[in-house]
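User: Please take a close look at one part of this protein for me, a helix and what lies over it. I'm a first-year student, so go step by step and then show me a few other spots.

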Amino acid sequence: MWESESESAAGHKYGGGLLTSSSQGVKTEGFVQRGYSWYVATDIPSDFLVQIGEASFHLHKYPLVSRSGKLSRIIYESRSLDLNKIVMDDIPGGAEAFELAAKFCYGIAVDLTAGNISGLRCAAEYLEMTEDLEEGNLIFKAEAFLSYVVLSSWRDSIVVLKSCEKLSPWAENLQIVRRCSESIAWKACANPKGIRWSYTGRTAKISSPKWNDIKDSSPSRNQQVPPDWWFEDASILRIDHFVRVITAIKVKGMRFELVGAAIMHYATKWLPGLISDTAILGDEASNCSISNSSSSGGSSWKSGLHMIVTGTRDDTSSLQAKEQRMIIESLVSIIPPQKDSVSCSFLLRLLRMAIMLKVAPALVTELEKRVGMQFEQATLADLLIPSYSKGEAMYDVDLVQRLLEHFLVQEQTESSSPSRKSFSEMGCILNAKARVARLVDSYLTEVSRDRNLSLTKFQVLAEALPESARTCDDGLYRAIDSYLKAHPTLSEHERKRLCRVMECQKLSIDACLHAAQNERLPLRVVVQVLFAEQVKISNALASSSVKDVESESHAMLTNRKTLLEGTPQSFQEGWTAAKKDINTLKFELESVKAKYMELQNDMASLQKQFDKMLKQKHTSAWSSGWKKLSKLGRTANVVENQDNSPKITDSAELNKKTTRRWRNSIS
């Protein structure tokens, strides 16, 4: 509660709220009530009856016509010369306000309070009790009390604004709602220093608040006032008046975090479905909705500030659902545009209720965009929003797809901006896309158990993120394995299509071990997994020393133990047998590598011999012939003098060498 130091002085100035008329036409000691009838305690018999609902007031014409322009005009302009009864069911404030106005006309002291001043002011306007009839008439004095007493007090402003809920549109037209809203906004934004505070956290009561009752509980000036001291008091207001207050507070420059916190506090109070999984139309929600709607007196909010986008409405929906729909639409319209003004969890819970209550599509889209702005802060429990369409999947996968698209658009916008900031979580610097990828993989694992989930929706959501968002596809593999387990009737083509969203190169060693023994995977995918695992091992052996390999193996075992502890039992089946098969494959692969090296050496030697043969074969026969003829011409005399036996021997040896060379080449 808020209380200014000028309240006491204002109360003394106006006689503690006692209001009297300067002149008295009929001497009386007061009003006497008998059942639903009111009588003036005087010896003069009454000559005029005012009927308001079930209540009847037996009064005198002269005191009324001397101060009420409306009654004077009705009586003197009536065709009936002896008019003695009038029905005024449409008077604002009802019988209670007219009783106070009638007492004022008779000069009886009226106790003005924050609970009755708004009704009395509207009734005075209705009865036209202006200064033209009498100086210091009821309108003037009610306005003075509002301006100097009510608007200077925090609690009185709250009480008056609460009482205006039954006075639409009179309170709006007389600017009572606007003035009280601005007064509350000014006090909520005021500096706590130099102000005496009196906050209790309890709902303000309409019936005659007395400031003397709470002054003893006021903390000292030196006591620090919490920034959310005004949340509870503001949350008792009806939604249209709360919107007026929040709008005025935002205009005055309050921090958007506090404005968002106030909105969340109000939503938690009036929308119990936000904090529990119970039906929104349960007893608790019904009580809150009825309380909110009953304060309006059954009338529509014609004079309230409506920041609502109209949409299709179901005429058969209950009154509670309509009230909650109006609250959601109004709250969405006043949420500050800044990114972290409200939590992502609150937005998702509000979105769930908005979809269930069939809020206007424009506001649902606005909520989806707000969630996309801070999608990396979402949790799996908040994303599991049921699908309210009959005959479809259990969860609304299309909604998560739209949220992810809004997030990617926002990320693209931020990436092009030079002021982009990185995120950190759990001691590691992770960007928003990586966190969203982990969230989407967890969501896919959860919704994959639904037998009604189509393969197309699963694949589209899994491929919505860019490849760079996932550094490891273990989470995606779990989702695929879970989907295959829940849909055993998939064809081979559909299984291959499903596994196409996963990259085997991004699987960890432990996931590869499990996938190698997973009978639900297509055979081609299993081969790809084995090949990817072998490539990783070969690269590690080729690029690391023995010491590095030992340290990496130790880290791999640690990661494997961590993964096993956080993996369900079904994911660990078959790992022992898979290890033996993998070791066998490793040994066979090493032997194949050795044979391959031998074959490469043999191939190299054969290639050399074949190159020599091609070189000799392509030598020109004409050039060799001319060389032989020139040689014979120069050595003709020498040849004739030589012996035939050595010549034959040389020819035989030459033929022998040529023959061996040819045989070697063939072999």
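Analyst: The buried residues of α3 are covered by several elements, among them the strands β4 (48–52) and β6 (85–87). Helices α2 (61–65) and α5 (117–127) are also part of that cover, where touching means heavy atoms within 4.5 Å. Helices are DSSP runs of H or I with at least four residues, strands are E runs of at least two, and both are numbered from the N terminus. Helix α3 itself spans residues 69–76. Its buried residues are G69, K70, L71, S72 and I75; buried means under 20% relative accessible area, exposed over 50%, and partly exposed in between (1.4 Å probe, protein chains only).

Keep in mind that this is a predicted model, in which local features need pLDDT of at least 70, side-chain atom pairs need 80 or more, and totals for chains, interfaces and linings use all residues. Residues are numbered from 1 along each chain as written, and side-chain values use heavy atoms, leaving out hydrogens and water.

Strand β4 covers 48–52, and two of the residues touched by L59 are F48 and V50. Among the other partners of L59 are F31, V40, L64, F98 and Y106. Since L64 belongs to the stretch 61–65, L59 also reaches α2.

Helix α5, another part of the cover over α3, leads to a loop that joins it to α6 (138–150). In that loop sits E128, whose phi is near 60°, a positive value in a residue that is not glycine. E128 has 27% relative accessibility, so it counts as partly exposed.

K358 also has a phi near 60°, again positive in a residue other than glycine; its loop runs between α15 (344–356) and α16 (361–373). Another backbone detail is the cis peptide bond from S168 to P169, with omega near 0°. P169 lies in the loop between α7 (154–163) and α8 (170–173).

Now for a helix pair. Helices α18 (397–415) and α20 (455–462) pack at about 20°, their axes 10 Å apart. These two are therefore roughly parallel, a label for angles under 35 degrees. From α18 the contact uses V397, D398, V400, Q401 and L404, and from α20 it uses K457, V460 and L461. Let's follow Q401, a residue of α18. Q401 touches V460, L461 and A464, leaving aside residues up to four places away in sequence. With 14% relative accessibility, Q401 counts as buried.

Conventions: Axes are lines fitted to C-alpha atoms, for helices over the stretch in contact, and angles run from 0 to 180 degrees between N-to-C directions. Angles under 35 degrees count as roughly parallel, over 145 as roughly antiparallel, 65 to 115 as roughly perpendicular and the rest as oblique.
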